[in-house]
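This report turns to the charged pairs, the nonpolar cores and two of the helices of one protein chain. Please keep the sequence and the model at hand while reading.

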Amino acid sequence: MLNNDLQTSIAAGEQDRRDDMAAGNRLLGRVVACSGSRATISAVAESGSTSLTELWSVGRLISISVAGNRVVALVYAMQTDHESWSENGDTVFRVEVELLGEVHVGRDGREEFSAGITQYPYLGSIAHRIRASDLAKVYDTGLSDVCSIGKLTQDESLDATIHVPSMLEKHFAIVGTTGVGKSTAVTLLLHKAIKSDPKLRVLILDPHNEFAAAFGDLAVTIDTDTLDLPFWLFRLEEFAEVIFRGRPPVAEEMDILRDLIPEAKKAFRGSNDSGLMRRATEKSSITADTPVPFRVADLLALVDERIGRLEGRTEKPHLRSLKVKIMSAINDPRYHFMFSSNTITDTILDTIARIFRIPGEGKPVTTFQLAGIPSEVVNSVASVLCRMAFEIGLWSNGGVHMLVVCEEAHRYVPADPKLGFLPTRQAIARIAKEGRKYGVSLGIITQRPGELDPTILSQCSTVFAMRLANDHDQEIIRSAIPNSSSSTTSFISSIGNGEAIAFGEAVAVPMRMRFSRVEATRIPKANGTGVVVSDDTPNTVDLRSIITRMRSVTGPDISGFQNSYLAAQATLGAGLPDNTGHEDAPYEDEEDYVERPSTRVEVEPYRPDMLPGSAPAASSGYPSAQDRFEAMRRELASDPHQVRAASPDPYRQPTRTAPAFGEASAGEHRREPSIREQLLKKPLSSLIRK
């Protein structure tokens, strides 16, 4: 047993309460009505005294004596017979209760609690305050490996205990409006779960970057600066979500990706193999979804090959559009975690070991911060992580116990099937439906259970319902609670911060409890929500660094990608026209290779000084793009009359009465033509660098 306080509280409760209100005053009233699941108790407040009525309150448990058993009931409503209170006379009031179960003597001779009722209360049955020992038996799960997560609201001397393995095996959910303490409750439960199961590995999808401070030395924090999630780990639909920036993909472009990505993967695998090895892998089961590395340069080279073919002209606009989308994605600094130089090689072992903490090295928790990831990519990243977590549990044969915690889960699995990202919904639903068979658990945290997919919520067998203000959200929780305890949610909109109604597999009966307080150093908090030390603190913020991070000035180094792209273009023999006027046919096999004289123009390697505005490198003998542009501008700015006089037109009239468009009249200051006018007058062939 993880908690010894429970034994102490039960032992203390075995003795009947002998306070000022002695045994006779434990009598609260008598049963005047009873149905299959509910009963009505009538009580009297004598001479306007409230000493007896103070023992009644909504949400408390009472006991009804029936023969040798004691029926346990929950108070959910009460009112007086008349809508008034007699100050000097007796006041009769009625209490509505819901029957939960009974305490009876078991086969071993010890008293125990069971949810079923063998003997229902009869009219006139005595209702009295529940004993502390009975209260401990009600919430006792009967299992040894339980842990305490707080105190019962009705009796602060009794611990609120849960069975952690049951909570993890069949998933759990924490719901509640913002500010009621959901994140603190998650921190408490995860600490208990890690202590209970040494094999457990926890992955937290943290959209607000608030759990980094909650686990200290037990966790590793991964953000956009320390993340290397290779693009080739993404399946086709996930990769398309990135390329198309969250918009619906174009069917023709998806077909192109489906055809070319396997070819790029085969090119990467066969780049260092012999021709025999390449022929052996031709029939391998490599698809666009296979987690095999490939280079984006090879993918773009294959796109260029298709563009250069004579046939298939109808697909060329789609090819060009797809190429622009891919180039835009790899040049976006926000996608550096996907397209950096570290993601080109086969780093799947390092990626899994770092994200999923295998073997862990004493840090079983990973807080995956999603706040810095572009919104159009968050769904794809969540899909990849949830899918890989399930596959690790599947192929490890139970060697790894995985817990995926989804904060703000209604973002990933919304109730409307038309919203959200389908692969993410499928990955989370697969964990919810099949994860317990392979040791993969799911934790759902949301403030809007009404906007969450009801299928996902129904798979969570343990629910901690904190304060909810929305009527629709309350109705969702009422539908999830067993019928025998449906009245428990009647006060869910008025419970305090840190309180919750726990029900499901991990607890014996639905209980109203208060979570234990978490140490100040382990309270989850987002960046910037700390206590302001002084009024001078806001003035120390470096605005330049904020703007730099917003603009992502320090973007990724794509020189490695550009060099590999140019190398792939130089080695690719298919689809590129040569100077002889025909196209090279694609090579079907190694024996079909015929060495031909190279007629391709040498491509100048990429250099940083090629960018406009950059100074020429001291060691290179090439002028920069800015110098070439200035030289062309000076040439265009020469006197057009001199150029016209050097090549007279015999059909041109010798004189003209009005100046041409863009030229100044005689004696007028000549306006310098714009860049657009200069480029329009310049022959196109002179603008192309030979």
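A salt bridge is taken here as a side-chain nitrogen of Lys or Arg within 4 Å of a carboxyl oxygen of Asp or Glu. In this structure, which is a predicted model, 22 such salt bridges are found.

**Charged pairs**

Three of the salt bridges are set out below, each with its N to O distance.

| Acidic residue | Basic residue | N to O distance |
|---|---|---|
| Glu 111 | Arg 70 | 2.9 Å |
| Asp 332 | Arg 245 | 3.5 Å |
| Asp 473 | Arg 448 | 2.8 Å |

The pair of Glu 111 and Arg 70 links distant parts of the chain, since Glu 111 belongs to strand S6 (residues 111–114) and Arg 70 to strand S4 (residues 69–80), 41 residues apart. Glu 111 is partly exposed, with a relative accessible area of 33%, whereas Arg 70, at 9% relative accessibility, counts as buried because the limit for that class is under 20%. Both residues also take part in a network of salt bridges that links Arg 70, Glu 111, Asp 134 and Lys 137.

For the second pair, Asp 332 sits in the loop between helix H9 (316–330) and helix H10 (336–339), while Arg 245 sits in the loop between helix H5 (236–243) and helix H6 (251–269), so the salt bridge ties together parts that are 87 residues apart in sequence. Here Asp 332 counts as buried at 12% relative accessibility, and Arg 245 is partly exposed, with a relative accessible area of 21%.

The third pair joins Asp 473, in helix H15 (residues 471–480), to Arg 448, in the loop between strand S15 (440–446) and helix H14 (454–458), and these two residues are 25 residues apart. Asp 473 counts as buried at 2% relative accessibility, whereas Arg 448 is partly exposed, with a relative accessible area of 25%.

**Nonpolar cores**

In soluble globular proteins, nonpolar side chains tend to be buried together. The largest nonpolar core of this model has 86 residues, and those with the most contacts inside it are Leu 205, Phe 368 and Val 381. Helix H12 (residues 375–395) gives the most to this core, contributing 11 residues. Once its neighbours within four places in sequence are left aside, Leu 205 is in contact with a set of residues that includes Phe 368, Leu 370, Ala 382, Leu 385 and Cys 386, and also Val 405, Cys 406, Glu 407 and Tyr 412. A second, separate core has 52 residues, among them Leu 135, Val 138, Ile 162 and Val 509.

**Helices H13 and H4**

Helix H13 (residues 422–434) has 13 residues, which should span 18 Å at 1.5 Å a residue, and its end C-alpha atoms are 18 Å apart, so the two values agree. Its buried residues are Pro 423, Thr 424, Arg 425, Ala 427, Ile 428, Ala 429, Ile 431 and Ala 432. These buried residues pack against H5, H12, strand S14 (401–407), S15 and H14.

In helix H4 (residues 182–196) lies Thr 187, which counts as buried at 0% relative accessibility. Leaving aside neighbours within four places in sequence, the contacts of Thr 187 are Phe 211, Ala 214, Phe 215, Val 518, Arg 522 and Pro 524.

Notes:
Residues numbered from 1 in each chain as written. Predicted model: local features only at pLDDT ≥ 70, side-chain atom pairs only at ≥ 80, totals over all residues. Heavy atoms only, no water. Core = buried A, V, L, I, M, F, W, Y, C linked by side-chain atoms within 4.5 Å. Buried < 20%, exposed > 50% of the residue type's maximum accessible area, 1.4 Å probe, protein only. Helix = DSSP H or I, 4+ residues; strand = E, 2+ residues; numbered from the N terminus. Contact = heavy atoms within 4.5 Å. Expected span 1.5 Å × (residues − 1).
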